[in-house]
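Grab a coffee and work through these short exercises with the structure open beside you. Try each task before you read its solution.

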Amino acid sequence: MINFFIFLVLSFFNMDDANSLKNTSWFLNNKSINEVRIYSDNFFSSTKYDRDNKKFISTYGGTYVLGEEKYYEVIEFDSSDSSLVGDTIYISSINLNINNDYGSMYLDGIVYEKFKNYNSTLSGSWLMSGIERGGEIRMRDVNRSRKTMKMLAGGRFQWIAYDIDKKGFYGTGGGIFTAENGKYIENIEFFSRDNSKVGISLEFNFEVKEGDWHHKGFSSKGDPKYEIWTQRKQ
């Protein structure tokens, strides 16, 4: 059963801003702990980590709805408290102030600053739909509850492995990405499974074929990797 959190007053903006969060990323200007929020298509993530000490702290996310009189989030994964998966969280106040590349977001009294725009053909939310094993591409059902999702927006990326039905969280990593001239590069700022990988860069060849993102290169362990990602619709 979905639990509903009580909300108080919504501070909003005009409807021209109703899609202002789509494919943007935001950070909390805190010198000790990094906090990043990514909004890609209809999905979001919120992650805390200590980049300097290579320490992952927590992440949660799922879907969000932003309208003239409402903003709420439906949780699909939570690394700290799996009991929240499935809950709908109404945010008590939100206010956006966006001017081209820059802006601020007031979320329940916390001020986030917007990362500079980075437009890419890969911006959005993707589900792993195929992977090469033993020279053979094995496809996956992207509609199952067990997912590996990768979110890209505003020059930031994050992948998350989780299971909605089982409320399971299996790992995450993220940081900064570029995707230009067939080269996709990830600069890792946090990695829940292996903090020794923080600071490294991974480079892949990529192309979008029939709407699917194909990329090929080497994993953080140095193993050959060929993956296919399908853009998430729901």
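**Exercise 1.** Is Lys183 buried, partly exposed or exposed? Then work out which residue Lys183 pairs with in a salt bridge.

*Solution.* Keep in mind that you're looking at a predicted model.

- Step 1: Start with the cut-offs: under 20% relative accessible area is buried, over 50% is exposed, and partly exposed lies in between.
- Step 2: Lys183 has a relative accessible area of 35%, so Lys183 is partly exposed.
- Step 3: Now look for a carboxylate partner. Glu203 is the one, with N to O at 3.7 Å. A salt bridge needs that pair within 4 Å, so this one counts.
- Step 4: Place the two on the chain: Glu203 sits in strand β16 (residues 201-209) and Lys183 in strand β15, 20 residues apart.
- Step 5: Check the partner too. At 46%, Glu203 is also partly exposed.

**Exercise 2.** Find the salt bridge partner of Arg51, and say which residues share a network with it.

*Solution.*

- Step 1: Arg51 pairs with Glu189, and their closest N and O atoms are 2.7 Å apart.
- Step 2: This contact links distant parts of the chain: Arg51 is in the loop between β3 (43-50) and β4 (55-66), while Glu189 is in strand β15, 138 residues away.
- Step 3: Compare accessibility. Arg51 comes out at 38% and is partly exposed, whereas Glu189, at 6%, is buried because that value falls under 20%.
- Step 4: Follow the shared partners, and Arg51, Arg156 and Glu189 turn out to be joined into one network.

**Exercise 3.** How many salt bridges does the structure hold, and are Glu73 and Arg37 buried or exposed?

*Solution.*

- Step 1: The total is 8 salt bridges.
- Step 2: One of them joins the side chains of Glu73 and Arg37, at 2.5 Å from N to O.
- Step 3: Glu73 belongs to strand β5 (residues 71-78) and Arg37 to strand β2 (residues 34-40), with their positions 36 residues apart in the numbering.
- Step 4: Both Glu73 and Arg37 are buried.

**Exercise 4.** Where in the fold are Lys167 and Asn181, and what is phi for each?

*Solution.*

- Step 1: Lys167 is in the loop between β13 (156-163) and β14 (168-180). Its phi is near 55 degrees, a positive value in a residue that isn't glycine.
- Step 2: Asn181 lies in the loop between β14 and β15 (183-191). Again phi is positive, near 50 degrees, and again the residue isn't glycine.
- Step 3: Finish with accessibility: Lys167 is partly exposed at 37%, while Asn181, at 79%, is exposed.

Definitions and conventions. Residues are numbered from 1 along each chain as its sequence is written. This is a predicted model: local features need pLDDT of at least 70, side-chain atom pairs count only at pLDDT 80 or more; totals for chains, interfaces and linings use all residues. Side-chain values use heavy atoms; hydrogens and water are left out. Helices (H or I, at least four residues) and strands (E, at least two) are DSSP runs, numbered from the N terminus. Buried means under 20% relative accessible area, exposed over 50%, partly exposed in between (1.4 Å probe, protein chains only).
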